[in-house]
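Here are my notes on the model you sent over, as numbered points. Have the structure open while you read, since I jump around the chain a bit.

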Amino acid sequence: MNKALLAVLEGAARNPPPVWMMRQAGRYLPEYRALREKAGDFLNLIFTPEYAVEVTLQPIRRFGFDAAILFSDILVIPHALGQPVRFAVGEGPRLTPLADAQAIGRLAGAVDQDVLAPIYETVRLVKAKLDTGTALLGFCGAPWTVASYMIAGQGTPDQGPARLFAYRQPAAFAALMDVLVEASAAYLIRQLQAGADAVQIFDTWAGVLPPAEFSRWCIEPTRRIVTKLRAQIPGAKVIGFPRGAGTLLARYVEEGPVDAVGLDWTVDGGFVREWVQSRVAVQGNLDPLVLVAGGAGLERGVDAVLEAFAGGPFIFNLGHGIVPETPIAHVEAMLKRIRGK
């Protein structure tokens, strides 16, 4: 197998490990900022394949990562379900909040694949431009995380609006999650059919859920999505990223059939080796802020991650997305440290 990342997803250890970064195509790169300004609206950047292909490939050209990840956004799913989405400069995403069961009932029952067609075209075009050693990752937001934005209409510190909605109107919330499971599975299947080698499911807000709700709203929807994927594409490779899950990671990998799990930077390495990496590959988990800091702190951080996880199936990554103020020189230094150059 000539793609190191896919070998790891099959259970192999690689030295040095394959490496990529969440949000590796983004504002820390001057070439991204220039194209973002040219595109104007953020949704235009996502839904214009010419632009999205270029953004996806920018970090591959500059750094030679072992994987490219499709440039898109988790909120294209509500957009394709008929919930208006806009991106306000300096404010993040804004949606029309879903206040009750009636609002959920007004959503389309399935994603409009015509709306998402430009994204699949981006996948096809990127695949054609990548060399044989570079994997292509597709992705979606997990139903819980996407639902939290759909209900609140924006990001919130603890996703309180979605948690309250789920407690007060459990049947309506379950209906929304059912729609999102179906939509997410259909979306990922099309990405894989277009040429993605594997997909990642981002559950950015999994860590705000109590254990029972974590099982119900994080693990179970993920399990259903992966089951649907593999019914259509046997052997489909999936990375799950339940950020903030902590010790619930053990339950996540035991009950959810993912091939690898992403780790945030707060998780204990010994716990992961015993309860998580013994079952599936792991991915992570450098603190994005140590990458901003650079210097000796970065060297220690990289070495600690490698010492913790490089003995087994492992993909080097950050514990969350790279932040805009990250110096490019620090990314270069990180890669040299990982690759022993």
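**Notes on the predicted model**

1. Start at the hairpin of β2 and β3, which has three residues between its strands; Gly90 there takes a positive phi near 80 degrees. Bear in mind throughout that this is a predicted model. The two strands pair in the antiparallel sense, over four bridges. If you want to check the register by eye, Val85 stands opposite Leu95 in β3, and the bridge partner of Arg86 is Arg94, also in β3.

2. Now the sheet. Seven strands make an open sheet with parallel pairing, and their order is β1-β4-β5-β6-β7-β8-β9. At the edges sit β1 (67-69) and β9 (314-318), each of which pairs on one side only. Ignoring direction, neighbouring strands of this sheet are turned by 25 degrees against each other on average. For one pairing in detail, take β6 (residues 238-242) and β7 (residues 260-262): they run parallel and are joined by two bridges. Gly240 stands opposite Val261 in β7.

3. Strand β8 (residues 281-286) deserves a look of its own; Leu286 is found there. Is Leu286 buried or exposed? Its relative accessibility is 2%, so Leu286 counts as buried. To get a feel for the distances, compare it with Ala194: the two are 92 residues apart in sequence and 31 Å apart in space, C-alpha to C-alpha. Asn285 is found in β8 too, and a cis peptide bond joins Gly284 and Asn285, with omega about -20 degrees. I'd want that one flagged in the text, given that most peptide bonds are trans.

4. There is another cis bond to mention, from Asn15 to Pro16, with omega near 0 degrees. Pro16 lies in the loop between α1 (4-9) and α2. Arg23 is found in that loop between α1 and α2 as well, and its phi is near 60 degrees, a positive value in a residue other than glycine. With 52% relative accessibility, over the 50% cut-off, Arg23 counts as exposed.

5. Gln159 also has a positive phi, about 55 degrees, although it is not a glycine. It is found in the loop between α8 (143-152) and α9. Which way does its accessibility go, buried or exposed? Gln159 counts as buried because its relative accessibility is 1%.

6. On to the largest pocket, which holds about 1400 Å³ of space. Its lining runs to 39 residues, and those nearest its centre are Arg23, Arg27, Phe42, Asp73 and Phe87. So Arg23 turns up again here, having been described above as exposed at 52% relative accessibility. Which elements supply at least two residues each of this lining? Among them are α2 (30-39), β2 (85-88) and β3 (92-95), which brings the hairpin of β2 and β3 back into the picture. By residue class, the lining divides into 21 nonpolar, 10 polar and eight charged.

7. The aromatics tie in with this. The structure holds 14 aromatic pairs. Phe42 and Phe71 form an edge-to-face pair, 5.9 Å centre to centre with 80 degrees between the planes. This pair links distant parts of the chain: Phe42 is in helix α3 (residues 42-47), while Phe71 is in the loop between β1 and α5 (76-80), 29 residues apart. Both rings belong to buried residues. Ring pairs also link Tyr32, Phe42, Phe71 and Phe87 into a cluster; Phe42 and Phe87 are among the residues nearest the centre of the largest pocket.

8. A further pair is Phe309 with Phe314, which is tilted: 5.7 Å centre to centre, 40 degrees between the planes. Phe309 and Phe314 are both buried.

9. Last, the cavity. The structure holds one cavity of 30 Å³ or more, with about 40 Å³ of space in it. What lines it? The residues are Trp144, Arg163, Ala166, Tyr167, Leu209, Pro210, Glu213 and Trp217. Helices α9 (160-168) and α11 (211-232) each supply at least two of them, and the largest share, three residues, comes from α9. The lining divides into six nonpolar, no polar and two charged residues.

Conventions:
Residues numbered from 1 in each chain as written. Predicted model: local features only at pLDDT ≥ 70, side-chain atom pairs only at ≥ 80, totals over all residues. Heavy atoms only, no water. Pairing = 2+ DSSP bridges. Axes fitted to C-alpha atoms, helices over the stretch in contact; angles between N-to-C directions. 1 Å grid on protein atoms, 1.4 Å probe; cavity = no way out; pocket = protein on both sides within 12 Å on 5 of 7 lines; lining within 4 Å. Points joined across faces, edges and corners; volume = space filled by probe spheres on them. Nonpolar A, V, L, I, M, F, W, Y, C, P; charged D, E, K, R; others polar. Phe/Tyr/Trp six-rings, centres within 6.5 Å; stacked < 30°, edge-to-face > 60°. Buried < 20%, exposed > 50% of the residue type's maximum accessible area, 1.4 Å probe, protein only.
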